[in-house]
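User: I am new to this structure and would like a close look at one part of it, followed outwards into its surroundings. Please take your time and explain each term as it comes up.

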Amino acid sequence: SVPMKFRHETHVYENDWETVTSALWVKYPNSDLPHVEKVDLLNRHVDVENQRFSTRRLIFVSYGMPKWAQKLIKFKMKGISTEDATCDLKAKELVLLGQNITFSDFFRVRERCVYTQHPENPAWTSYAATTSFEISLLAGFNGMLEDACVKKNAETAQKGAAVMQKVIDRLVSSNWRTAADKLAEWKEDIAEIARSKRQ
């Protein structure tokens, strides 16, 4: 079997789980993270009774490679990845599973990200991610390419955490909870009007 390289990461956001996970859904598109060009929602399933939902999204992305690796590969590493999300509102756990579709015959990236309520401070959020890289493209260079991917992923993740915090801060300053409550009330009012018209 082809060996693979792993990268593990943890981070603590000093914001509550609801705010952090809400920021995640509005993180893209973002000019600070141009490697993600577009995100499309494919499907969504909501389990109202158990307060869970799941989504699948397509992510159009440019895979970062150093210049020397790009010269070896000789084509642009741009393609599509999938992201499967499972969110448990009661347990306050959001799990994201990502993998690339494009180039998967010789370039495989798998990522698992988990957002949970911090075990010691419920006003904070714990983040943990594991990413694997498996390349079978150029004999003698695959290990070097995997190392380059790990390094680039670390740089992107560091930048991503800073951007995520900016989005979180923007939500907090906009009093997003009040806006969400008002939207929920508005939807209920509309539903009530619709029910009364049917009677």
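What is the relative accessible area of tryptophan 25?

Analyst: Tryptophan 25 has a relative accessible area of 27%, and is therefore partly exposed; here buried means under 20% relative accessible area, exposed over 50%, and partly exposed in between, with a 1.4 Å probe and protein chains only. This is a predicted model, in which local features need pLDDT of at least 70 and side-chain atom pairs count only at pLDDT 80 or more, while totals for chains, interfaces and linings use all residues. Residues are numbered from 1 along each chain as its sequence is written, and side-chain values use heavy atoms, with hydrogens and water left out.

Before going further into that part, it helps to place it in the chain. The protein chain has 4 helices and 7 strands, helices being DSSP runs of H or I with at least four residues and strands runs of E with at least two, numbered from the N terminus. Along the sequence these elements follow the pattern β-α-β-β-α-β-β-β-β-α-α. The C-alpha atoms fill a box of roughly 70 × 40 × 30 Å along the principal axes, and 35% of the 199 residues count as buried.

The helix that carries tryptophan 25 is α1, which spans residues 17–25 and in which Trp17, Thr19, Val20, Thr21, Ala23 and Leu24 are buried. At the N-terminal end of α1, aspartate 16 acts as a cap, with a side-chain oxygen 3.2 Å from the backbone nitrogen of glutamate 18.

Aspartate 16 also forms a salt bridge with arginine 177, their closest N and O atoms being 2.5 Å apart; the term stands for a side-chain nitrogen of Lys or Arg within 4 Å of a carboxyl oxygen of Asp or Glu. That pair links distant parts of the chain, since aspartate 16 lies in the loop between β1 (5–13) and α1, whereas arginine 177 belongs to helix α4 (residues 176–198), 161 residues apart. Arginine 177 counts as partly exposed because its relative accessibility is 38%.

Returning to tryptophan 25, its ring belongs to one of the aromatic pairs, of which the structure holds 3. The ring centres of tryptophan 25 and phenylalanine 53 are 5.9 Å apart and the planes meet at 50°, so this pair is tilted. Tryptophan 25 sits in helix α1 and phenylalanine 53 in strand β3 (residues 52–62), so that the pair links distant parts of the chain, 28 residues apart. Another tilted pair is made by tyrosine 115 and tyrosine 127, whose ring centres lie 4.8 Å apart with planes at 45°. Rings of Phe, Tyr and Trp (its six-membered ring) pair if their centres lie within 6.5 Å, with planes under 30 degrees apart counted as stacked, over 60 as edge-to-face and the rest as tilted. Both tyrosines are buried: tyrosine 115 has a relative accessible area of 4%, and tyrosine 127 has a relative accessibility of 11%.

Strand β3, where phenylalanine 53 was found, also takes part in a salt bridge, because glutamate 83 forms one with arginine 57, the closest N and O atoms being 2.8 Å apart, and arginine 57 lies in strand β3 while glutamate 83 lies in strand β4 (residues 78–88), so the pair ties together parts that are 26 residues apart in sequence. Glutamate 83 counts as buried at 9% relative accessibility, and arginine 57 counts as buried at 9% as well. Back at the start of α1, salt bridges that share partners join Asp16, Glu18, Lys92 and Arg177 into one network. The whole structure holds 12 salt bridges, one of which joins glutamate 9 to arginine 7 with their closest N and O atoms 3.0 Å apart, and both of these residues are buried.

One more region completes the tour. Phenylalanine 141 lies in the loop between β7 (125–135) and α3 (142–173), and at 33% relative accessibility it counts as partly exposed. Asparagine 142 lies in helix α3 and counts as buried, with a relative accessibility of 18%. The C-alpha atoms of asparagine 142 and phenylalanine 107 are separated by 9.7 Å, although the two residues are 35 apart along the chain.

Definitions and conventions:
A polar contact is a pair of N or O atoms within 3.5 Å; within protein, one must be able to donate a hydrogen and the other to accept it, and residues adjacent in sequence count only if both atoms are side-chain atoms.
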